[in-house]
Amino acid sequence: MPYFIKPSVNLSREEKRAAYAAARQAILATLGEEPSEMVKMVTINSLLKSHLPYYYWVGFYLVRGDRQLVVGPYQGTLGCLYIDFGRGVCGAVAASGETKIVEDTHALVPGKEHIACDPNSRSEIVVPVRRPDGSLMGVFDVDSSLESSFDAVDQEELEALLGEVFGG
Ligand code: SME
């Protein structure tokens, strides 16, 4: 594992709730009425990764044209640059518009159901990100180096936070 990346540490549901509450407060206080999508994305990446110790890779993939995602702001090892809709976890979420939680990435078909940008990724959550008009801006992707790091608490917290910040 690269020197600059720390292995994940899982949290209990109660610990998650407290960490998300602190992160949300910091994000909203930092952004205020900030209009820039780029500034919002880099702020969310940094503060969520600072507050949630199981966040190993965190970032955005943005819609490019009508069938592809392109890598956006992220923190972690080198992420794949382009992902077609329907391919991998991110592409599946872009196609379906529904959040997806993966308890064990090794249980998925490599290259089709899961794209392993980093071999240390063991569990994942991907959440669609929408603009105020409801259009899909992209997806928010989080990987953990541990299995089963993500659950309904993450889905609820991330859908609420991303909806609040991006207006979708
Ligand atoms: N695992 C994702 C690809 C993005 S890398 O994890 C950053 C997927 O299966 O779509």
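## The ligand and its surroundings

Me: Which residues are around the ligand in this predicted model?

Reply: A residue counts as near the ligand if one of its heavy atoms lies within 4 Å of it. By that test, the residues around the ligand are Trp 57, Tyr 61, Ile 83, Gly 88, Val 89, Cys 90, His 114, Ile 115, Cys 117, Glu 124, Asp 141 and Asp 143. Residues are numbered from 1 along the chain as its sequence is written. Because the model is predicted, local features need pLDDT of at least 70 and side-chain atom pairs count only at pLDDT 80 or more, while totals for chains, interfaces and linings use all residues, and side-chain values use heavy atoms, with hydrogens and water left out.

Me: Which residue places a polar side-chain atom 3.3 Å from an oxygen atom of the ligand?

Reply: A polar contact is a pair of N or O atoms within 3.5 Å. Cys 90 brings a backbone N or O atom to 2.8 Å from a ligand oxygen atom, and a backbone N or O atom of Ile 115 also lies 2.8 Å from an oxygen atom of the ligand. The residue that uses a polar side-chain atom, at 3.3 Å, is Asp 143.

Me: How much of the ligand's exposed area does the protein bury?

Reply: Accessible areas come from the Shrake-Rupley method with a 1.4 Å probe. Taken alone, the ligand exposes 310 Å². Of that area, the protein buries 99%.

Me: Which element gives the largest share of the shell around the ligand?

Reply: Helices (at least four residues) and strands (at least two) are DSSP runs, numbered from the N terminus. Two or more shell residues come from each of strand E1 (57-64), helix H3 (88-96) and strand E6 (136-144). The largest share, three residues, comes from H3.

Key:
Polar contact = N/O pair within 3.5 Å; in protein donor to acceptor, adjacent residues only side chain to side chain.
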